[in-house]
Amino acid sequence: MKIPLEDTAADVVGKASRGLGVEVAVDAENDVSLRAAAARLGLGADALVALARGHYSPADPGAIDGLAWFNTPFNDMTVNSFVVFDPETRAAAAFDTGTDCSDMLAMDVRIEQVFLTHVHGDHVFEFDRLVEKTRAKAWVSDREPFDGAQPFEDGREFRIGSLRVRTVRTSGHARGGVTYLIDGLSRPLAIVGDALFAGSMGGGMVSFEEALRTNRENLFTLPDDTVVCPGHGPLTTIGEEKKHNPFFAR
């Protein structure tokens with residue numbers, strides 16, 4: 001599906017400004033202004049200008065057998081959720097719920113687990129319904145307990161049929177932010193919640209510094225072909241974000 005980028009260049013500057021506690025005025029139509037703001041905020045200037053000019057859009061990774069992507073409305077935005085399944089056994093897990101899990105429930109798979117990337121309202125809106133209808137076991141980081149979900153420690157591993165699911169900490173946007181790394185399909189997946197977007201990242205609601213650090217340590221060390229499945233906006237890859245995300249490109 002074709003979904004626009006979550007953030008504009010002005011959004012990126014605003015998130016960096018708030019995160020650093022530095023007031024920066026920027027004219028998004030002026031490249032000199034954008035580059036000056038990037039220098040002051042530690043952003044990648046070329047990536048910021050490319051974002052402002054509409055020159056960056058992540059390449060569509062194409063269909064991946066075993067991955068289903070859902071995009072549902074929430075106020076004036078949309079939110080992503082995902083189902084990952086073993087193509088052989090049809091054993092499946094949902095990652096976040098979005099605001100309407102009807103299409104998830106209609107899939108010809110067995111949703112046996114629900115994994116939460118974090119517990120902000122747009123990501124857990126349909127949690128009770130999804131768990132009730134599927135009787136799936138739900139999981140959440142022990143740094144962010146949530147009623148009805150079993151807490152787990154960073155680094156725990158799970159299985160979805162023959163697929164391996166590893167967990168890494170990507171906190172900062174949310175205290176319990178966690179990314180699920182999935183191996184066994186045609187491409188490695190990273191289901192990141194709001195830790196990372198195509199061309200941006202979630203605002204540092206808990207800690208901007210922590211958001212940058214956990215992304216660098218636990219996402220940007222992944223293989224470049226890893227498909228990033230974010231909580232908002234289009235899919236991307238680690239390789240693309242290394243080059244095109246103003247928070248991380250240099």
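1. Contact of α1 with α2. In this predicted model, Ala9, Val13, Ala16, Ser17 and Leu20 of α1 meet Leu34, Ala37 and Leu41 of α2. By class, seven of the residues in this contact are nonpolar, one is polar and none is charged. As background, an α-helix has 3.6 residues a turn, so residues three or four places apart point the same way.

2. Geometry of that pair. Helix α1 covers residues 9–20 and helix α2 covers residues 31–41. They pack at an angle of about 30 degrees. Their axes are 10 Å apart. The angle makes α1 roughly parallel to α2, because angles under 35 degrees count as such. The crossing of α1 and α2 is left-handed.

3. Contact of α1 with α3. What angle do α1 and α3 make? They pack at about 135 degrees, with axes 8 Å apart. The two helices are therefore oblique to each other. On the α1 side the contact is made by Ala9, Val12 and Val13; on the α3 side, by Leu48, Leu51 and Ala52. By class, this contact has six nonpolar residues, no polar ones and no charged ones. Ala9 and Val13 of α1 also take part in the contact with α2.

4. Largest nonpolar core. This core has 30 residues. Which of them touch the most other members? They are Leu43, Leu48, Leu196 and Phe247. At least two core residues come from each of α1, α2, α3 (45–52), β10 (189–193) and α7 (208–218). Leu48 is also one of the α3 residues in contact with α1. In soluble globular proteins, nonpolar side chains tend to be buried together.

5. Leu43 in detail. Neighbours within four places in sequence are left aside here. Leu43 is then in contact with Val12, Val13 and Ala16, and Val13 and Ala16 are among the α1 residues that meet α2. Its other partners are Ala38, Leu48, Pro246, Phe247 and Arg250. Two of the partners, Leu48 and Phe247, are listed with Leu43 among the residues that touch the most other core members.

6. A separate core. Apart from the largest core lies another, of 24 residues. Its members include Ile3, Ile160, Tyr180 and Ile191.

7. Helix α7. Which residues of α7 are buried? Phe208, Glu210, Ala211, Leu212, Thr214 and Asn215 are. Note that Glu210, Thr214 and Asn215 are in this buried set. The buried residues of α7 pack against α1 and β8 (163–169). Helix α7 also supplies at least two residues of the largest nonpolar core.

8. Gly121. This glycine is found in helix α5, residues 121–124. Gly121 is partly exposed, with a relative accessible area of 43%. Gly121 and Phe74 are 47 residues apart along the chain. Their C-alpha atoms are separated by 9.5 Å.

9. Positive phi at Arg90. Most residues other than glycine have a negative phi. Arg90 has a positive phi of about 70 degrees although it is not a glycine. Where is Arg90 found? It is in the loop between β2 (77–85) and β3 (91–95). Arg90 is partly exposed, at 30% relative accessible area.

10. Positive phi at Arg135. Arg135 also has a positive phi, near 55 degrees, and is a residue other than glycine. It lies in the loop between α6 (127–134) and β5 (137–141). Is Arg135 buried or exposed? Arg135 is exposed, with a relative accessible area of 77%.

Definitions and conventions:
Residues numbered from 1 in each chain as written. Predicted model: local features only at pLDDT ≥ 70, side-chain atom pairs only at ≥ 80, totals over all residues. Heavy atoms only, no water. Axes fitted to C-alpha atoms, helices over the stretch in contact; angles between N-to-C directions. Helix = DSSP H or I, 4+ residues; strand = E, 2+ residues; numbered from the N terminus. Parallel < 35°, antiparallel > 145°, perpendicular 65-115°, else oblique. Left-handed = near helix turned anticlockwise from the far one by under 90°. Contact = heavy atoms within 4.5 Å. Nonpolar A, V, L, I, M, F, W, Y, C, P; charged D, E, K, R; others polar. Core = buried A, V, L, I, M, F, W, Y, C linked by side-chain atoms within 4.5 Å. Buried < 20%, exposed > 50% of the residue type's maximum accessible area, 1.4 Å probe, protein only.
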